[in-house]
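Work through the exercises below with the sequence and the 3D view at hand. Try each task before reading its solution.

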Amino acid sequence: LILQTNGSNAALTLDASQNATFAGNVTLSSGFVNLPAGAVGTPSLIFGGDDDTGLWHPASNTLAFSTFGSERMRIDSSGNVGIGDSTPSYKLDVNGDIQVNETIFARSGSDLILQARSSQVVGINSGGSRTMTLDASQRVGIGTTSPGHKLDINGTSAAGFRLTTNGFTNLDLVSNRTSGNLGGLRFKQDI
């Protein structure tokens with residue numbers, strides 16, 4: 001079936017397989033377009049004939065996006081978004097590396113928290129290698145990935161600590177012990 005407007009131009013063509021081809025835009029003044037659910041390798045809404053890339057409906061109140069026949073992103077019924085994760089638990093749940101070319105900000109009045117799971121560490125890399133580590137025992141390592149103390153600074157040529165201020169500066173070493181050796185400030189060679 002071919003519907004034509006303006007002479008010989010086909011506006012709508014229906015073939016024997018019940019496929020419809022429109023020559024222009026489709027506009028609905030009311031109602032909706034009801035598509036089948038689709039699947040990861042055969043999404044319901046595709047673009048330019050790329051039949052394994054598009055949008056599909058894996059579950060009630062859920063949308064998923066596929067490329068090259070694999071699910072890449074999902075928005076679940078709670079509004080959680082999973083990238084590389086089909087069961088997101090957070091507003092943004094990413095399974096893989098994230099690259100940020102600018103700055104990550106916390107919303108005004110909120111804290112910015114980096115959290116590792118269970119016994120994992122939080123690490124900061126610079127120049128392609130680990131420069132700082134916070135482990136599950138709340139030990140901070142600078143220049144070491146396995147800190148042995150609350151603050152463990154390790155340098156290959158020289159390690160230092162500098163405290164600079166424009167005002168009055170104290171360096172207090174405080175122990176809550178009430179008896180015995182309270183500790184001290186020692187300068188020694190590591191042998």
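The exercises that follow cover two sheets, their hairpins, the salt bridges, a buried serine and a surface patch.

The model is a predicted one, in which local features need pLDDT of at least 70, side-chain atom pairs count only at pLDDT 80 or more, and totals for chains, interfaces and linings use all residues. Residues are numbered from 1 along each chain as its sequence is written, and side-chain values use heavy atoms, with hydrogens and water left out.

**Exercise 1. The sheet of 6 strands**

Task: State the order of the strands in the open sheet of 6 strands, and find its edge strands.

Solution. Start with the terms. Strands are DSSP runs (E, at least two residues), numbered from the N terminus. Two strands pair if DSSP finds at least two bridges between them.

Step 1. The order is 4-5-6-7-8-9, and the pairing is mixed.

Step 2. Strand 4 (45-47) and strand 9 (92-94) are the edge strands, since each pairs on one side only.

Step 3. From one strand to the next, the twist averages 25°. Axes here are lines fitted to C-alpha atoms, and angles run from 0 to 180 degrees between N-to-C directions.

Step 4. At one edge, strand 4 runs antiparallel to strand 5 (residues 50-56), with 3 bridges. F47 has D50 in strand 5 as its bridge partner.

**Exercise 2. Two hairpins around strand 7**

Task: Describe how strand 7 pairs with strand 6 and with strand 8, and name the residue with a positive phi in each hairpin.

Solution. Step 1. Strand 6 (residues 63-67) and strand 7 (residues 70-75) are antiparallel, with 5 bridges between them. T67 is opposite S70 in strand 7.

Step 2. This hairpin has 2 residues between the strands, and F68 has a positive phi near 50°.

Step 3. Strand 7 is also antiparallel to strand 8 (residues 81-83), with 3 bridges. M73 has I83 in strand 8 as its bridge partner.

Step 4. In the hairpin of strand 7 and strand 8, 5 residues lie between the strands, and G79 has a positive phi near 85°.

**Exercise 3. A serine in strand 6**

Task: Is S66 buried or exposed, and which residue's backbone oxygen lies 3.0 Å from a polar atom of its side chain?

Solution. Step 1. S66 belongs to strand 6.

Step 2. Buried means under 20% relative accessible area, exposed over 50%, and partly exposed in between (1.4 Å probe, protein chains only). S66 has a relative accessible area of 2%, so S66 is buried.

Step 3. The residue is V40: its backbone oxygen lies 3.0 Å from a polar atom of the S66 side chain.

**Exercise 4. Salt bridges**

Task: How many salt bridges does a search of the whole structure find? Classify the residues of each pair by accessibility.

Solution. Step 1. A salt bridge is a side-chain nitrogen of Lys or Arg within 4 Å of a carboxyl oxygen of Asp or Glu. The search finds 2.

Step 2. R74 and E71 form a salt bridge at 2.8 Å, N to O. R74 is buried at 14% relative accessibility, and E71 is partly exposed at 23%.

Step 3. D135 and R139 form a salt bridge, with their closest N and O atoms 2.8 Å apart. D135 is buried at 12%, and R139 is partly exposed at 28%.

**Exercise 5. The sheet of 4 strands**

Task: Give the strand order of the open sheet of 4 strands, and explain why strand 10 and strand 13 count as edges.

Solution. Step 1. The order is 10-11-12-13, with mixed pairing.

Step 2. Strand 10 and strand 13 each have a single partner strand, so one side of each has no neighbour in the sheet.

Step 3. Direction ignored, neighbouring strands of this sheet are turned by 20° against each other on average.

Step 4. Strand 10 (residues 122-126) and strand 11 (residues 129-134) are antiparallel, with 5 bridges. In strand 11, L134 is the bridge partner of V122, and M132 is that of I124.

Step 5. These two strands form a hairpin with 2 residues between them, and G127 in the turn has a positive phi of about 65°.

**Exercise 6. A nonpolar patch**

Task: Which residues make the nonpolar surface patch of about 740 Å²?

Solution. Step 1. Patch residues have over 30% relative accessible area and no salt bridge; like charges are joined within 9 Å, and nonpolar side chains (Val, Leu, Ile, Met, Phe, Trp, Tyr) within 5 Å. Areas come from the Shrake-Rupley method with a 1.4 Å probe.

Step 2. The patch is made by I124, M132, I142, L151, I153, F161, L163 and L171.

Step 3. L171 is in the segment after strand 13 (151-153), and L171 counts as exposed at 60% relative accessibility.

Notes: Polar contact = N/O pair within 3.5 Å; in protein donor to acceptor, adjacent residues only side chain to side chain.
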